[in-house]
Amino acid sequence: MIRDHQEKKTKSVYISTVISIALVLLMTGLLGLILVHAKNLSKYVKENIVLNIIVNDNVNEGDVLSLQKDLEKDPYVLRTEYVSKELAAKNLKEDLGEDFIEYLGTNPLLPSIDVYLKEQYANADSIQPFIDKITKSSKVKEVVYQESLIDMVNKNIRVISIVVLAFAAILLIIAVALINNTIRLAIYSQRFLIKSMQLIGATKNFIRRPYIIYGIIHGLIGALVAILLLIFTLNFAQKQIPEIVFLQSWSEFVLIFLVVVILGILISGISTYFAVTKYLKAKSHSLYR
């Protein structure tokens, strides 16, 4: 009867341990997703900063397309889009909600090439030399871009990155502390059994081994539960916000899942080792405290 009660108590302690580990790892995994998405979002924003290269009116379309091909070969450039006079007029008409050509009698807009730079070159230090090189061409009238927007984007990204990394470090410390305390409480219920095994001659490694194995298994189970919850969260978020699909990168998600599993195993195994060692070193009378 007493043994059955003890086994039920032990099982409930282990179940609560696994649930606690899973919840802590879930928070850690969510932060990992935020870090990955922040990086991808930063890349997406930078690669969608556009430079409008306005072409002279006397340049024929063939020369404009030739200029576009030359731009696409530039190591700074990610992609380009040719905007003809007609397309520019159509876009402006949609923005204004009325046909301005009817009032003017002519289309005053010039053809242009929209240039999108690679992420690493989407900053003022790289853009200005690129513009200086482009404006040397007789085909180019001017290059228009929002310098203040680029500065603001880069500044905000740096600030957000520092805040997120600091938060990640704090949460990781909290995660380790919570899992460690949970496991210590679970081992506390086994302190008399540990000391009894030691008193009848069992070696420290012999006593520690099964607890560490159980700790690793609990950490693994907790990590798998956390991963299932993460997948559910991702699916729910994608249904609620379909726009986040461009942020998805399953290779990075797999990496986060592996990190969650490794953290669960390492933290649980190491915490179990130290918790068991504590009671192996403890005096018998101190177990009643």
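Me: Why are helix 8 and helix 9 called roughly antiparallel?
Reply: In this predicted model, the axes of helix 8 (residues 204-240) and helix 9 (residues 250-281) cross at roughly 150°. Angles over 145 degrees count as roughly antiparallel, so that label fits helix 8 and helix 9. Their axes come within 7 Å, and helix 8 passes helix 9 in a right-handed crossing.

Me: What makes up the contact of helix 8 with helix 9, by residue class?
Reply: You get 19 nonpolar residues, seven polar and two charged.

Me: What makes Thr 272 count as buried?
Reply: Thr 272, which lies in helix 9, has 2% relative accessibility. Buried means under 20%, so Thr 272 is buried. Its side chain reaches the backbone oxygen of Ser 268 at 2.6 Å.

Me: How do you know that Asp 74 and Lys 133 meet in a salt bridge?
Reply: Their side chains come to 2.6 Å, N to O. The cut-off is within 4 Å for a Lys or Arg nitrogen and an Asp or Glu carboxyl oxygen, so the pair qualifies. A search of the whole structure finds one salt bridge.

Me: Which parts of the chain does the pair link?
Reply: Distant ones: Asp 74 sits in the loop between helix 2 (61-72) and strand 2 (77-83), and Lys 133 is in helix 5 (residues 124-134), 59 residues apart.

Me: Why is Asp 74 called buried, but Lys 133 partly exposed?
Reply: Asp 74 has a relative accessible area of 11%, and under 20% means buried. Lys 133 is at 44%; exposed needs over 50%, with partly exposed in between, so Lys 133 counts as partly exposed.

Key. Residues numbered from 1 in each chain as written. Predicted model: local features only at pLDDT ≥ 70, side-chain atom pairs only at ≥ 80, totals over all residues. Heavy atoms only, no water. Axes fitted to C-alpha atoms, helices over the stretch in contact; angles between N-to-C directions. Helix = DSSP H or I, 4+ residues; strand = E, 2+ residues; numbered from the N terminus. Parallel < 35°, antiparallel > 145°, perpendicular 65-115°, else oblique. Left-handed = near helix turned anticlockwise from the far one by under 90°. Nonpolar A, V, L, I, M, F, W, Y, C, P; charged D, E, K, R; others polar. Buried < 20%, exposed > 50% of the residue type's maximum accessible area, 1.4 Å probe, protein only. Polar contact = N/O pair within 3.5 Å; in protein donor to acceptor, adjacent residues only side chain to side chain.
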